[in-house]
Amino acid sequence: MGKDLRGKELGVGISQRKDGLYTARFTDRNGKRKQQYFKKLQECRNWLADAQFENEHGNVLQGENPTVDAWFDYWIENIKGQTIRDNTKRNYLERYRRNIKPILGSMLVRDVKPIHCQNVLLNMSKTYSNAMIEYCRVAMGAMFGSALENELIEKNPVTKNVKCKSGKMPKETRVLTIEEQKLFLETVKNSSNYNQWALILQTGLHTGEMIGLRWSDVDFENKVLHVRRTMEYRHEFGEWRIGEPKTKSGVRDIPLTQEALRILKEQKTKLEE
């Protein structure tokens, strides 16, 4: 038992130095001593409790009952991350960090119940679409399903009754009529982005697919556009992200109309001038 300067017992691993600082120390499972200093006793106690908890439950391969944070980090890097595309992995990471971690992250895997998983989805219901909520549910189900396969838990807490519908109204999707497309192109005909907009209307390309195009993807001879990647800028991370089209082959082939070929040739000529 450690003591403060007045001789009061502070608990195992905690003591007070002559300069008034409190110190906490313990030896981790690898035999390495951990020690920190604090001005306040409560901060010292909190650090020791958190550090010992992390030492006991923060390593999947050494502990029998890891935290959800520890299990997710291991699962996404060494199990799931080996079988999915990079873009899918990034989406799983985002859903975990934004929605799952704040509620489940510090819990022990074996302590997670269906009601906790339900709470994750309910917490999303006011600001996320039904599709995004379902995506989060799939991510949780896969993560805990793998924990079940590895005998970390006895049941997957993401049961069939763990579900939630969004309170957010979905945006209405409407396709432009031919006349509206003509009017739009007439309005933007002097814009520097005219060819890009016209190509999207001719091919049905998603914006991310168009941004990710290279000239090597255009087969002028066979009149085919090979969509091999997508690109998007994530403002919250300040970076461009490159992914693959959601096809088994990783390539989406789009037949090119004469008008689409004309637009592409015109754009290439402009760039070469």
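**Exercise 1.** In this predicted model, state which helix holds Gln 258, and decide whether Gln 258 counts as buried or exposed.

*Solution.* Begin with the secondary structure: Gln 258 lies in helix H9, which covers residues 258–272. Next, take the relative accessibility of Gln 258, which is 54%, and set it against the cut-off, by which exposed means over 50%. Gln 258 therefore counts as exposed. As a last step, relate this residue to Trp 71: the two are 187 residues apart in sequence, and their C-alpha atoms are 53 Å apart in space.

**Exercise 2.** Work out how helices H6 and H7 are oriented to one another, and which residues meet where they pack.

*Solution.* Helix H6 (residues 178–187) packs with helix H7 (residues 194–203) at an angle of about 170°, the axes being 10 Å apart. Because angles over 145 degrees count as roughly antiparallel, H6 is roughly antiparallel to H7. The crossing of the two helices is left-handed. On the H6 side, Gln 181, Phe 184 and Leu 185 take part, and they meet Tyr 194, Trp 197, Ala 198 and Leu 201 of H7. Sorted by class, this contact has six nonpolar residues, one polar residue and no charged ones.

**Exercise 3.** Describe the sheet that contains S6, S7 and S10, and explain why one side of S6 and of S10 is left without a neighbour in the sheet.

*Solution.* The three strands form an open sheet in the order S6-S7-S10, with antiparallel pairing. Strands S6 (218–219) and S10 (252–255) stand at the edges and each has a single partner strand, so one side of each lacks a neighbour in the sheet. Strand S7 (residues 224–227) is joined to S10 by four bridges, the two running antiparallel, and His 226 stands opposite Asp 253 in S10.

Definitions and conventions:
Residues numbered from 1 in each chain as written. Predicted model: local features only at pLDDT ≥ 70, side-chain atom pairs only at ≥ 80, totals over all residues. Heavy atoms only, no water. Axes fitted to C-alpha atoms, helices over the stretch in contact; angles between N-to-C directions. Parallel < 35°, antiparallel > 145°, perpendicular 65-115°, else oblique. Left-handed = near helix turned anticlockwise from the far one by under 90°. Contact = heavy atoms within 4.5 Å. Nonpolar A, V, L, I, M, F, W, Y, C, P; charged D, E, K, R; others polar. Pairing = 2+ DSSP bridges. Buried < 20%, exposed > 50% of the residue type's maximum accessible area, 1.4 Å probe, protein only.
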